[in-house]
Amino acid sequence: MIVIKSDAEIKLMREAGRVVARVLDEVRQAVAPGVTTARLDKMAEDMCRKLGAVPAFKGYRGYPFSLCCSRNEQVVHGFPGQEPLEEGDILSMDFGCILDGFYGDSATTVAVGQVSAEAAELMRVTEASLMAGIEQARPGNRLGDVSAAVQEVVEAGGFAVVRQFVGHGIGRGLHEDPQVPNFGAPGRGVKLKPGMALAIEPMVNAGGWEVKILSDGWTAVTVDGKLSAHFEHTVAITDNGPEILSLP
Ligand code: MF3
Ligand code: CO
């Protein structure tokens, strides 16, 4: 069942989204060679609480941290740790919070110093695919229009979309209906209506789309060991089209 949010509820989600965006902005600026992802996790949690919100992921189904830090061949749900970042790494950071009963959820991938041309292109295409998906998140369109737009940009760029993880509805729950795949056919799936809120989150691999989970039970990595990038926004569908809620 897809929950339709009132204007007042979307307003609260905008506030939750703003916290997530401000936290990701702060940690993004702290990313540099020599910095540990454990430090970024602490920064994210501290800033979130300072802004009056609660980190959403810590304790969610047993996930042990506030910030997901997925490095290089790690796709999503990587654990922050004491291993310092190195020049040439790419780092995906995913953060969620709860504010006034509503969730915000967003992710970004950043370069650590200078990165390879392929890594830069992977990040550029992944973010472009997210924006193409968001552009389709408007009343009258169907969910498949969002999914197909993401897939089209990714595959035209020579990369592959991950199948095993998908985006999701979001609101009073972190994961609500519907699932939002990053692949599919235009014109298919549920009709999009004002008041729906979606977390659209392409996970894009430089090689094949296959991923596996490490023995920690969380960290998803590419099977071929090639790079992966992840961008995510929380988006409301309004009469006027898509509104990105996870902006500062
Ligand atoms: N953005 C991811 C998601 O929506 C982050 C979840 S991490 C978890 O699924 F720890 F909360 F699972
Ligand atoms: Co999400």
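Me: In which strand is the place of A199?
Reply: Good place to start, with the reminder that this is a predicted model. The strand that holds A199 is β9.

Me: Is A199 buried or exposed?
Reply: The relative accessible area of A199 is 0%. A residue counts as buried under 20%, so the word for A199 is buried.

Me: Which residue stands opposite A199 in β9, and how far apart in space are the two C-alpha atoms?
Reply: The residue opposite A199 is H168. Strand β7 (residues 167-169) and strand β9 (residues 197-200) run antiparallel and are joined by two bridges. Although A199 and H168 are 31 residues apart in sequence, their C-alpha atoms are separated in space by 5.2 Å.

Me: Which residues does A199 touch, not counting residues up to four places away in sequence?
Reply: H168, already met opposite A199, is one of them. The full set of residues that A199 touches is D105, G167, H168, I170, V180, E232, H233 and T234.

Me: Which residues of β9 point the other way from A197 and A199?
Reply: A197 and A199 point one way from β9. The four residues, whichever way they point, are buried. Pointing the other way are L198 and I200.

Me: What is the order of the five strands in the open sheet?
Reply: Let's build it from the edges, where β8 (176-180) and β15 (241-244) each pair on one side only. β9 pairs with β7 over two bridges and with β14 over four. The pairing in this open sheet is antiparallel, and the order is β8-β7-β9-β14-β15.

Me: What does the twist of this sheet average from one strand to the next?
Reply: The value belongs to the five-stranded open sheet just described. From one strand to the next, its average twist is 25°.

Me: Which residue in β14 is the bridge partner of A197?
Reply: β9 and β14 pair in the antiparallel sense. One bridge partnership links A197 to a residue of β14, and that partner is A236.

Me: Is T234 buried or exposed?
Reply: T234 has its place in strand β14. Leaving aside neighbours within four places in sequence, its contacts include D105, L198 and A199. Its relative accessible area is 1%; because that falls under 20%, T234 is buried.

Me: Which helix lies across β8 and β9, and at about what angle does it run to β8?
Reply: The helix spans residues 143-156 and is named α4. The angle at which α4 runs to β8 is about 40°.

Me: Which element gives the most to the largest nonpolar core?
Reply: This core has 28 residues, and among those touching the most other members are L192, L198 and I200. In soluble globular proteins, nonpolar side chains tend to be buried together. Here α3 (117-135), α4, β9 and β14 (233-238) each supply at least two residues. With six residues, the element giving the most is α3.

Me: How many residues are in the second, separate core?
Reply: This core includes A16, C48, C69 and L99. Its count of residues is 24.

Me: Which residues come nearest to ligand 1?
Reply: There are 13 residues around ligand 1. A polar side-chain atom of D105 lies 3.0 Å from an oxygen atom of the ligand, and a side-chain N or O atom of E232 is 3.0 Å from a nitrogen atom of the ligand. The nearest residues are D94, D105, H168, H175 and E232.

Me: How many Å separate an oxygen atom of ligand 1 from an N or O atom in the side chain of H168?
Reply: H168 is the residue opposite A199, and it is listed among those nearest to ligand 1. The separation between the H168 side-chain atom and the ligand oxygen is 2.7 Å.

Me: Which residue in β12 stands opposite V76?
Reply: Three strands form another open sheet, in the order β3-β12-β11 with antiparallel pairing. Two bridges join β3 to strand β12 (residues 220-222). Opposite V76 in β12 stands A220.

Me: Which strands are the edge strands of the sheet of three?
Reply: In this sheet the twist averages 40° from one strand to the next. An edge strand pairs on one side only, and here the edge strands are β3 (74-76) and β11 (211-213).

Conventions
Residues are numbered from 1 along each chain as its sequence is written. Chains are lettered from A and ligands numbered from 1 in the order in which they are written. This is a predicted model: local features need pLDDT of at least 70, side-chain atom pairs count only at pLDDT 80 or more; totals for chains, interfaces and linings use all residues. Side-chain values use heavy atoms; hydrogens and water are left out. Two strands pair if DSSP finds at least two bridges between them. Axes are lines fitted to C-alpha atoms, for helices over the stretch in contact, and angles run from 0 to 180 degrees between N-to-C directions. Contact means heavy atoms within 4.5 Å. A nonpolar core is a set of buried Ala, Val, Leu, Ile, Met, Phe, Trp, Tyr and Cys residues joined through side-chain atoms within 4.5 Å. Buried means under 20% relative accessible area, exposed over 50%, partly exposed in between (1.4 Å probe, protein chains only). A residue is near a molecule or strand if one of its heavy atoms lies within 4 Å of it. A polar contact is a pair of N or O atoms within 3.5 Å; within protein, one must be able to donate a hydrogen and the other to accept it, and residues adjacent in sequence count only if both atoms are side-chain atoms.
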